[in-house]
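Thank you all for coming; I would like to walk you slowly through one model this morning, with the sequence and the structure on the screen. Please have both in view before I begin.

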Amino acid sequence: MSGHSALRAEAVVDLDALRHNVALLAERAKVPVMAVVKADGYGHGAVQIAKAALEAGATWLGSCSAAEAVDLRKAGIEAPILAWLYAAGEDLSDAVAAGVDLGVSSLDELRMAEGAPIHLKIDTGLNRNGCSAEQWPELVRAARDHDVRAIWSHLASADEPGNPSVDRQAERFEWAYEVARAEGLEPMRHLANSAATLTRPDLAYDMVRVGIAMYGLNPVPRHEDLRPVMTFRSSVAGVKRIHAGEGVSYGHTWIAERDTTLALVPVGYADGVPRGLSGRLEVFVAGQRQPVAGRVCMDQIVVDCGDDKVSPGDEVILFGPGDRGEPTAREWADKLGTIDYEIVTNMYRPRVRRRYLGAR
């Protein structure tokens with residue numbers, strides 16, 4: 001197998017799929033789109049994702065930490081960027097100097113963000129960061145002599161269409177906006193995340209912030225034409241035949257019921273394959289699904305290929321879009337009792353190399 005014969009652990013990132021998703025979300029929102037590229041672009045690579053999202057019509061970027069935002073600036077990205085989560089007393093001077101907008105939830109953060117355009121965050125019910133309703137009027141008054149670009153908040157349960165908390169949060173958001181207006185501010189508003197962008201067009205306001213849906217992972221319980229952006233792949237490193245009754249991997253939790261062919265694949269939990277999938281994981285080898293035999297190890301898994309022909313160098317897809325019948329990130333998440341966000345973000349690790357399709 002030429003070209004990929006030394007493939008160990010690779011996340012293939014399809015930028016055309018990402019552009020498709022951003023364009024779909026922008027068309028649905030009908031207002032400006034902030035593409036959220038925090039956590040190194042949800043494990044996909046923040047700089048490449050940011051550039052592709054901007055090409056597809058996004059006009060803002062969201063980065064969570066100030067350092068992430070500064071890294072985007074260092075990569076030559078000039079679009080507006082919002083960062084919003086800091087350690088107590090963190091020095092934000094690099095972000096201010098780089099022209100990054102800063103989220104502000106308290107009087108302390110207002111002082112930290114001196115000199116930057118700010119987005120005042122009201123806590124409407126998620127109860128993470130964001131200013132409480134009790135302290136909001138004081139924060140708004142103190143912010144009057146700053147460049148207040150926006151007010152914003154974050155929804156707790158938009159991925160459950162019809163959840164009454166969404167309307168309750170929207171009402172609190174409207175109240176916070178009226179308080180800001182009464183103090184003479186004319187901020188734009190942003191509240192909707194991916195799920196609300198898809199299900200609550202009435203909450204689009206002046207901008208939406210899209211994260212998980214941009215990466216092709218659907219946050220709502222209905223079909224959307226979103227294309228998963230990441231495929232996680234490896235290749236067969238070795239093949240051996242074993243007899244019935246032989247155990248495989250640590251603890252011999254798996255015993256061969258027949259003579260069978262095993263394929264060794266050089267990825268494990270150090271590469272983002274959760275050990276919790278031991279005994280439940282399937283991979284796509286030589287065109288079909290095969291079960292992983294025994295425990296997931298730090299650096300490797302063993303695949304039970306039965307009597308099928310498999311050779312060193314054959315491609316192994318651990319998850320992908322699912323078009324060919326391969327497992328998906330959502331399938332991994334469902335088996336683990338988690339969300340697909342965690343699966344793809346876990347690919348942000350040194351041994352997983354990235355390869356981009358559709359770069360311009």
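UniProt, in an unreviewed entry, places the feature "active site" at Lys38 and Tyr250, and since we are looking at a predicted model, I will keep to what has been computed from it and what the record says. Those two positions are spread over 213 residues of sequence, and they are also spread in space, with up to 36.2 Å between their C-alpha atoms. Of these residues, Lys38 is included in the lining of the largest pocket.

Let us take Lys38 on its own for a moment. You will find Lys38 in helix α2, which covers residues 38–42. Is Lys38 buried or exposed, or somewhere in between? Its relative accessible area is 29%, and because anything from under 20% counts as buried and anything over 50% as exposed, Lys38 is described as partly exposed. If we set aside residues up to four places away in sequence, Lys38 touches Gly62, Ser63, Cys64, Glu68 and Trp84.

Now please turn to Tyr250, which sits in the loop between β12, at 247–248, and β13, at 254–255. Here the relative accessible area is 59%, so Tyr250 is classed as exposed. Which residues does Tyr250 contact, once its neighbours within four places in sequence are left aside? They are Arg295 and Cys297.

The same kind of record also describes a longer stretch: in an unreviewed entry, UniProt lists residues 229–357 as "domain: Alanine racemase C-terminal". Over residues 229–357, the chain is 11% helix and 33% strand, and the C-alpha atoms at the two ends are 10 Å apart.

That brings me to a sheet, which I would ask you to trace strand by strand. Six strands form an open sheet with mixed pairing, and their order is β16-β15-β18-β10-β1-β19. At the edges are β16, residues 288–291, and β19, residues 353–357, each of which pairs on one side only. From one strand to the next, the twist averages 35°.

Within this sheet, let us finish with one pair of strands. Strand β15, residues 282–285, is joined by two bridges to strand β18, residues 315–319, and the two run antiparallel. If you would like a single place to look for this pairing, Val285 stands opposite Val316 in β18.

Key
Residues are numbered from 1 along each chain as its sequence is written. This is a predicted model: local features need pLDDT of at least 70, side-chain atom pairs count only at pLDDT 80 or more; totals for chains, interfaces and linings use all residues. Side-chain values use heavy atoms; hydrogens and water are left out. UniProt positions are given in the numbering used here, feature names are shortened, and annotations may be inferred rather than shown by experiment. On a 1 Å grid over the protein atoms alone, a cavity is a set of points where a 1.4 Å probe fits but cannot get out, and a pocket is an open set with protein on both sides within 12 Å along at least five of seven lines; lining residues have an atom within 4 Å of a point. Helices (H or I, at least four residues) and strands (E, at least two) are DSSP runs, numbered from the N terminus. Buried means under 20% relative accessible area, exposed over 50%, partly exposed in between (1.4 Å probe, protein chains only). Contact means heavy atoms within 4.5 Å. Two strands pair if DSSP finds at least two bridges between them. Axes are lines fitted to C-alpha atoms, for helices over the stretch in contact, and angles run from 0 to 180 degrees between N-to-C directions.
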